[in-house]
Amino acid sequence: MARSVAVVVLLAMAAVAAAQAPGPAATPAAGATGPPNVTAVLEKGGQYTTFIRLMKETQQDTQLNSQLNNSFNGNGYTVFAPTDNAFNNLKPGTLNSLTQQQQVALVQGHVLPQFYSMDSFQTASNPVRTQASGTDGPYTLNITSTTNSNVNVSTGVVEVTVTNALSAVKPLAVYSVDKVLLPFELFGVKAPAAAPTASTAKPKKGGSTEAASGPAGAEDAEPTGAASARAVGWGVAGLAAVVGCFL
């Protein structure tokens, strides 16, 4: 009897100890991901090394990832990522000709402060504002959907068709493009300056305007009436002299 009681007591103690022991750590659900990271998305894509380098040099990767992770913008972000071939097709020296601030604007011109899925591009209101801005305001894009469910993006300098999404999970969408989105504000053709209006009057040294002059010597010419009177006078005098000779 005493042995049975002892066994019951031991089993009860074991049950209490098992109930108080911490359970095994929870296993993350399959497919769970960490915070959104644009650099990780581009590195996984495998053909965006130039764009990654440009983002790092301008510190736009750090800024964008920080904003994503801190929920700085509840609307999310969309990135158009040019491939390495897109940069290789640029005119040699294009990137090196830009100042540091212009390179920042170039990268920011590929980022929209709004999450867009392929379907939501259909409701985009043009012009669509980018992260870049200049003296004339934000840099913008024109985005239109085609009949075959593709999306066309235009800067006014280049136009590209978007077909491939590297990532499209809110708050970050990343789309591959085969052209660099050269901003119109940096690469657009500027309107020529208006030519100065030619003056019809010739200024004198004293600052007054000289009217158009007549033939040379016109100012010294004697009036026609005076010349006629003088000729008549000489004729009368000659006639008087002849009459005097006969008297």
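At roughly what angle do the axes of helix α3 and helix α6 cross?

1. In this predicted model, the axes of helix α3, which spans residues 49-57, and helix α6, which spans residues 100-108, come within 10 Å of each other and cross at roughly 125 degrees. That angle makes α3 oblique to α6, because it falls neither in the range of 65 to 115 degrees that counts as roughly perpendicular nor over 145 degrees, where a pair counts as roughly antiparallel. The crossing of α3 and α6 is left-handed.

2. As to the residues involved, Phe51, Leu54, Met55 and Glu57 on the α3 side meet Gln100, Gln103, Leu106 and Val107 on the α6 side. By character, the residues of this contact between α3 and α6 divide into five nonpolar, two polar and one charged.

3. Turning to the strands, the model holds an open sheet of four strands in the order β2-β1-β8-β7, and the pairing within that sheet is mixed. Its edge strands are β2, at residues 111-112, and β7, at residues 164-169, each of which pairs on one side only.

4. Strand β1, at residues 77-82, runs antiparallel to β2 and is joined to β2 by two bridges. Within this part of the sheet, Thr78 stands opposite Leu112, a residue of β2.

5. A further helix belongs in the description of the sheet: α2, at residues 38-45, lies across β1, β7 and β8, and runs at about 35 degrees to β8, the strand formed by residues 172-177.

Conventions
Residues numbered from 1 in each chain as written. Predicted model: local features only at pLDDT ≥ 70, side-chain atom pairs only at ≥ 80, totals over all residues. Heavy atoms only, no water. Axes fitted to C-alpha atoms, helices over the stretch in contact; angles between N-to-C directions. Parallel < 35°, antiparallel > 145°, perpendicular 65-115°, else oblique. Left-handed = near helix turned anticlockwise from the far one by under 90°. Contact = heavy atoms within 4.5 Å. Nonpolar A, V, L, I, M, F, W, Y, C, P; charged D, E, K, R; others polar. Pairing = 2+ DSSP bridges.
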